[in-house]
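The following exercises examine how parts of a protein chain are arranged. Each task is followed by a solution in steps.

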Amino acid sequence: MSLVFDQVSFTYADAKQVKRALKRHTESNLPWALQNISFTLEPGEFFGIAGHTGSGKSTLIQHMNALLHPTTGHVLLDGQDLSDKTNARSARSRIGVVFQYPEYQLFAATVYDDVAFGCRNMGLTPEETDIRVRKAMDAVQLDFERVAQKSPFELSGGQQRRVAFAGVLSMEPEVLVLDEPVAGLDPKARADFLGLIKDLHQSGITVVMVSHNMDDLASLCNRILVLNEGKQFTLGVPEEVFAQPEALRAVGLGVPGAQRLANSLRAEGLQLPEKLYNENSLAEALAQVYHAR
């Protein structure tokens, strides 16, 4: 699986306005939500997307399974342009998008029916649907025997979110796209959900995660794309992205807490190596520094 964004730009302006602007070469006057975004999502990676509110994150991920199409440029899945309707339909079974607060989209009378909805739309047999529903519920740690026939609205908020996740996973996507997946959860549910997402990634699913939490992105992602006002501000491994705290601050973002503390200590003269820190690695580095003294 290869998902390529090739010079993707997008505006919500109406088609006539866009056509007129492009014809007159006055496209700079259009209200662009995305401008010239280019990257390749690699199979098996954990890809993070960060940016301030209104930077284009949600617009970007809606291009990943052809819910939106580029105004200019191309999104290619295994070389096939997703602007083509047939290719778009195929992409939606391969790339599952879970929007923020997905539990608000639950609607069926039972948990089983909610999780099975996508499978039935794909035309799968009842037997295959049942296998997938059970597998998906197991993947998100929902007890099939206990909750399958319950109304999803009888469950806790965290369990409802697991039901919504299971509904996407039942379609067996190759890529799971998550928009702020732990928004609004209490600390325990949040930690449990991040662990679940990590497990799903380790099972072989490619994960794309939008988050405003730099600590989560630093600890989970292989690469991070930072957007600013619809443009590609930076793209790289966490060490590269968080090595520029001043630049990130200028676009309304921070760095992980441990890294922020390490930067402050280094600025005060403490001889800490230049690297990306988490809480454990920073504690170890500080112990070595003070032991050397």
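**Exercise 1. Describe how helices H4 and H7 pack against each other in this predicted model.**

Solution. Two packed helices are described by the angle between their axes and by the distance between those axes. Step one is the angle: H4 (residues 111-121) packs against H7 at about 35 degrees. Step two is the distance, and here the axes of H4 and H7 are 6 Å apart. Step three is the handedness of the crossing of H4 and H7, which is right-handed. Step four turns to the residues that meet: Val111, Asp114 and Val115 on the side of H4, and Val163, Ala166 and Gly167 on the side of H7. By class, this contact of H4 with H7 has 4 nonpolar, 1 polar and 1 charged residues.

**Exercise 2. Determine whether Val168 is buried or exposed, and list its contacts.**

Solution. Val168 is first located in helix H7, which spans residues 157-169. Its relative accessible area is then compared with the cut-off: buried means under 20%. Val168 has a value of 11% and is therefore buried. Leaving aside neighbours within four places in sequence, Val168 is in contact with Gly96, Val97, Val98, Pro173 and Leu176. The C-alpha atom of Val168 is separated by 9.2 Å from that of Cys119, a residue 49 places away along the chain.

**Exercise 3. State how many residues the largest nonpolar core has, and examine Met137 within it.**

Solution. The largest nonpolar core has 50 residues. Those with the most contacts inside this core are Val115, Met137, Phe165, Leu176, Leu178 and Phe242. For Met137, neighbours within four places in sequence are set aside, and the contacts that remain include Val111, Val115 and Ala166. Val111 and Val115 belong to the H4 side of the contact treated in Exercise 1, and Ala166 to the H7 side. Another core, of 29 residues, lies apart from the largest one and has Leu60 and Phe47 among its members.

**Exercise 4. Assess how far helix H2 is covered, and describe what follows it.**

Solution. H2 comprises residues 57-64, and 6 of its 8 residues are buried, which makes the helix mostly covered. The buried residues of H2 are Lys57, Thr59, Leu60, Ile61, His63 and Met64. After H2 comes Ala66, with a positive phi near 65 degrees.

**Exercise 5. Identify the residue that caps the N-terminal end of helix H1, and inspect the position just after the helix.**

Solution. The cap of H1 (residues 15-24) is Asp14, a side-chain oxygen of which lies 3.1 Å from the backbone nitrogen of Lys16. Just after H1, His25 takes a positive phi of about 60 degrees.

Notes
Residues numbered from 1 in each chain as written. Predicted model: local features only at pLDDT ≥ 70, side-chain atom pairs only at ≥ 80, totals over all residues. Heavy atoms only, no water. Buried < 20%, exposed > 50% of the residue type's maximum accessible area, 1.4 Å probe, protein only. Helix = DSSP H or I, 4+ residues; strand = E, 2+ residues; numbered from the N terminus. Contact = heavy atoms within 4.5 Å. Axes fitted to C-alpha atoms, helices over the stretch in contact; angles between N-to-C directions. Left-handed = near helix turned anticlockwise from the far one by under 90°. Nonpolar A, V, L, I, M, F, W, Y, C, P; charged D, E, K, R; others polar. Core = buried A, V, L, I, M, F, W, Y, C linked by side-chain atoms within 4.5 Å. Polar contact = N/O pair within 3.5 Å; in protein donor to acceptor, adjacent residues only side chain to side chain.
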